Amino acid sequence: MATSQLTASSISARNLASFEGLRPSNLKFGSPVGVSLVSHRSFRALAVKAATTVAPKYTSIKPLGDRVLVKIKNVEEKSGGGILLPTSAQTKPQGGEVVAVGEGKTIGKTKVGISVQTGAEVVYSKYAGTEVEFNGSKHLILKDDDIVGILETEDVKDLKPLNDRVLIKVAEVEEKTPGGLLLTEASKEKPSIGTVIAVGPGTLDEEGNRKPLSISEGSTVLYSKYAGNDFKGKDGSEYIALRASDVIAILS
């Protein structure tokens, strides 16, 4: 059986952007002579997941346990100014409509239902779940815990986090050094500080009861770099939704 192999020579600056999970700051380039960019062991973590096509003879999908079925939103093909975007520049959608839910799960002796209902517009973690083609549309079957929050408007600032997640408005990037020198875009350090906009209801304890989070709205916090999911609001502000455990400290 024929196999395909991904080698360092097949990687270029152009197609590196297609690996959305690889942030530029994670890429380290050494001497171009005799040094491979990525080891074969590293490629085990890079898997291209193709959508499973459900045959037309099946008319419904019923998720089991604490899973939900989400109809994925279409990728925007135009920019805000009406310019058609190339495929590499199109943002992978992280949202959609819940079309079916499982029966929930049991924690201890307590039956816990799904935290969202059918018809809800939700935002979910990148690369979560299993993608399926069904009734001519792309869907995602994912765990209830992979849903970041409910978004009833088109602006991420209105996101209602679920479970142990919090929504943070990221602090603005410094434009100048302490000495007054202007910073270029490449040299600007992405901040890991922001203001908590909304908090989820908390985690479930061993008896299935909600345990409220210790983080409150309005707090200025320091959080782990590269955690959570990044979003941009309609006003151009940066937001991040992450788990409360990724918040390192509260600043005052």
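**Figure 1. Leu69, a buried residue in a predicted model.** Let's start with Leu69, which counts as buried because its relative accessibility is 3%, under the 20% cut-off. The model shown here is a predicted one. Leu69 belongs to strand β2. Look for Val98 as well: 29 residues separate Leu69 from Val98 along the chain, yet their C-alpha atoms are 5.9 Å apart. Setting aside residues within four places in sequence, the contacts of Leu69 include Ile61, Pro63, Glu97, Val98, Val99 and Ala100. Leu69 also touches Val132, His139, Leu140 and Ile141.

**Figure 2. His139 in strand β8.** Now we move to one of the contacts of Leu69, His139. His139 sits in strand β8, which covers residues 137-143. Is His139 buried or exposed? His139 is buried, because its relative accessibility is 6%, under the 20% limit. The side chain of His139 comes to 3.2 Å from the backbone oxygen of Ser137. Not counting residues up to four places away in sequence, His139 touches Leu69, Val70, Lys71 and Ile72, among others. Its other contacts include Val99, Thr130, Glu131, Val132 and Phe134.

**Figure 3. Asn163 and its polar contact with Arg210.** Here the residue of interest lies in a loop: Asn163 is found between β10 (160-161) and β11 (165-170). Although in a loop, Asn163 counts as buried, because its relative accessibility is 9%. Which side chain makes a polar contact of 3.0 Å with that of Asn163? The partner is Arg210. Arg210 also appears among the residues in contact with Asn163, once neighbours within four places in sequence are left aside. Others in that group are Asp144, Asp145, Gly200, Pro201, Gly202 and Leu213.

**Figure 4. Ala55, a partly exposed loop residue.** Ala55 lies in the loop that links β1 (52-53) to β2 (67-72). With a relative accessibility of 31%, Ala55 counts as partly exposed. Try finding Asn135 too: Ala55 and Asn135 are 80 residues apart in sequence, while their C-alpha atoms are 8.7 Å apart in space.

**Figure 5. The whole protein, for orientation.** Finally, step back from the close-ups. The protein has two helices and 18 strands. Of its 252 residues, 31% count as buried. How much of the accessible surface belongs to carbon and sulfur atoms? The share is 53% of a surface of about 16,600 Å². Among contacts between residues at least 6 apart in sequence, 63% join residues at least 24 apart.

Technical notes. Residues numbered from 1 in each chain as written. Predicted model: local features only at pLDDT ≥ 70, side-chain atom pairs only at ≥ 80, totals over all residues. Heavy atoms only, no water. Helix = DSSP H or I, 4+ residues; strand = E, 2+ residues; numbered from the N terminus. Buried < 20%, exposed > 50% of the residue type's maximum accessible area, 1.4 Å probe, protein only. Contact = heavy atoms within 4.5 Å. Areas by Shrake-Rupley, 256 points an atom, 1.4 Å probe, with all protein chains shown as cover. Polar contact = N/O pair within 3.5 Å; in protein donor to acceptor, adjacent residues only side chain to side chain.
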